[in-house]
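Q: I have a structure open and would like to go through some of its helices and a few odd residues with you. Could we take it slowly?

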Amino acid sequence: MSRTVYVNGDYLPEEEAKVSIFDRAFLMADGVYEVTSVLGGKIIDFPGHIARLERSLGELDMQKPEAFDDLLEIHRELVRLNEIDEGMIYLQVSRGSAGDRDFAFPDPEKVKPTLVLFTQNKPGLADSPVAKTGLKVISIDDIRWGRRDIKTVQLLYPSMGKMMAKKAGCDDAWMVEDGVVTEGTSNNAYIVKGNTIITRELSTHILHGITRAAVLRFAKEAQMQVEERPFTIEEAQGADEAFITSASTFVLPVVEIDGTAVGTGTPGAVAARLREIYLEESRKAGV
């Protein structure tokens with residue numbers, strides 16, 4: 001059955017949804033996005049995602065779409081129309097279409113942003129078998145632009161990283177810059193030493209993950225130690241555990257890095273506990 005999607009104020013069958021070929025997201029990757037998960041028909045971490053969206057728009061001097069204050073209602077309506085119990089909602093805002101191609105930004109008084117949302121139905125999202133087996137990752141050079149804290153649609157290199165990992169028989173790639181790990185291709189990266197969780201501090205080098213913020217808060221509430229600092233691939237390979245977080249995967253263990261087993265080579269207790277806590281608390285707080 002066709003999905004219902006949202007384009008600039010209209011709910012449409014996906015086959016009828018259209019965006020101009022001159023839209024700047026298409027021509028210039030001049031757009032930002034957010035992905036929120038749905039569990040039990042409820043939207044997870046919505047306030048954090050909308051706050052980050054607002055920040056991304058501000059950092060790029062991009063106007064808010066006219067429907068910005070109605071985004072929760074739009075999310076809920078898409079969940080209802082598409083009967084989503086577990087899945088994801090993708091939201092994208094671009095600077096819009098001036099009707100031609102130009103490097104200069106269009107006049108925001110004349111060209112309004114493009115707002116698009118669609119759902120992805122993912123039954124069993126919270127029961128991913130990978131949580132029981134763990135991920136294998138490779139390391140790759142991080143050659144992205146310097147403002148990774150802005151969640152833009154410039155995702156070519158992360159996509160290439162996913163394919164590099166796939167070619168190597170692995171699940172994902174951790175990116176390395178100046179000898180230390182920045183993040184995964186679509187997730188934040190962590191290692192565990194004893195009772196201490198180690199992850200990069202917030203800066204322009206990494207995305208300010210919404211799931212990251214929630215997981216670190218839950219970890220501290222559970223009396224786990226958190227240390228925000230860079231770490232190397234070699235340190236990660238020698239850690240007791242490793243894991244990733246993202247809005248679409250929640251918490252997933254990493255069991256191998258560049259062919260070297262992490263810890264026992266099986267999912268660890270810290271990652272398992274954090275996933276359990278995150279899912280439990282997120283279901284309670286979903287809107």
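Q: Where does Arg 217 lie?
A: Arg 217 lies in helix α6, where helices (H or I, at least four residues) and strands (E, at least two) are DSSP runs, numbered from the N terminus. This is a predicted model, in which local features need pLDDT of at least 70 and side-chain atom pairs count only at pLDDT 80 or more, while totals for chains, interfaces and linings use all residues. Residues are numbered from 1 along each chain as its sequence is written, and side-chain values use heavy atoms, with hydrogens and water left out.

Q: And is Arg 217 buried or exposed?
A: Arg 217 is partly exposed, with a relative accessible area of 43%; buried means under 20% relative accessible area, exposed over 50%, and partly exposed in between (1.4 Å probe, protein chains only).

Q: How far apart are Arg 217 and Ile 206 in space?
A: From C-alpha to C-alpha they are 18 Å apart, with their positions 11 residues apart in the sequence numbering.

Q: Back to the helix, then: at what angle do the axes of α6 and α8 cross?
A: The axes of α6 (residues 210–221) and α8 (residues 269–285) cross at roughly 110° and come within 10 Å of each other. Axes here are lines fitted to C-alpha atoms, for helices over the stretch in contact, and angles run from 0 to 180 degrees between N-to-C directions. The two helices are therefore roughly perpendicular to each other, given that angles under 35 degrees count as roughly parallel, over 145 as roughly antiparallel, 65 to 115 as roughly perpendicular and the rest as oblique.

Q: Which residues make that contact between α6 and α8?
A: On α6 they are Thr 211, Ala 214, Val 215, Phe 218 and Ala 219, and on α8 they are Leu 274, Ile 277, Tyr 278 and Glu 281, where contact means heavy atoms within 4.5 Å.

Q: What about α2 and α3, how do their axes cross?
A: The axes of α2 (residues 46–59) and α3 (residues 71–81) come within 11 Å and cross at roughly 125°, which makes α2 oblique to α3. Phe 46, Ile 50 and Leu 53 of α2 meet Leu 71, Leu 72 and His 75 of α3 in this contact.

Q: Which residues of α3 are buried?
A: Leu 71, Ile 74, His 75, Leu 78 and Val 79 are buried in α3. Seen down the axis of α3, these buried residues fall within an arc of 135°, so they line one face of the helix; the arc is that of the directions from the helix axis to the C-beta atoms. The face turned away from this buried side carries the exposed residues Glu 73 and Arg 80.

Q: New topic: which phi value does Asp 61 have?
A: Asp 61 has a positive phi of about 55°, although it is not a glycine. Most residues other than glycine have a negative phi. Asp 61 sits in the loop between α2 and α3 and is exposed, with a relative accessible area of 63%.

Q: And what is phi for Phe 250?
A: Phi of Phe 250 is near 65°, again a positive value in a residue other than glycine. Phe 250 belongs to strand β14 (residues 250–257) and is buried, with a relative accessible area of 0%.

Q: Last one: what does Glu 177 touch?
A: Not counting residues up to four places away in sequence, Glu 177 touches Asp 142, Arg 148, Thr 182 and His 205. Glu 177 is found in strand β8 (residues 172–177).
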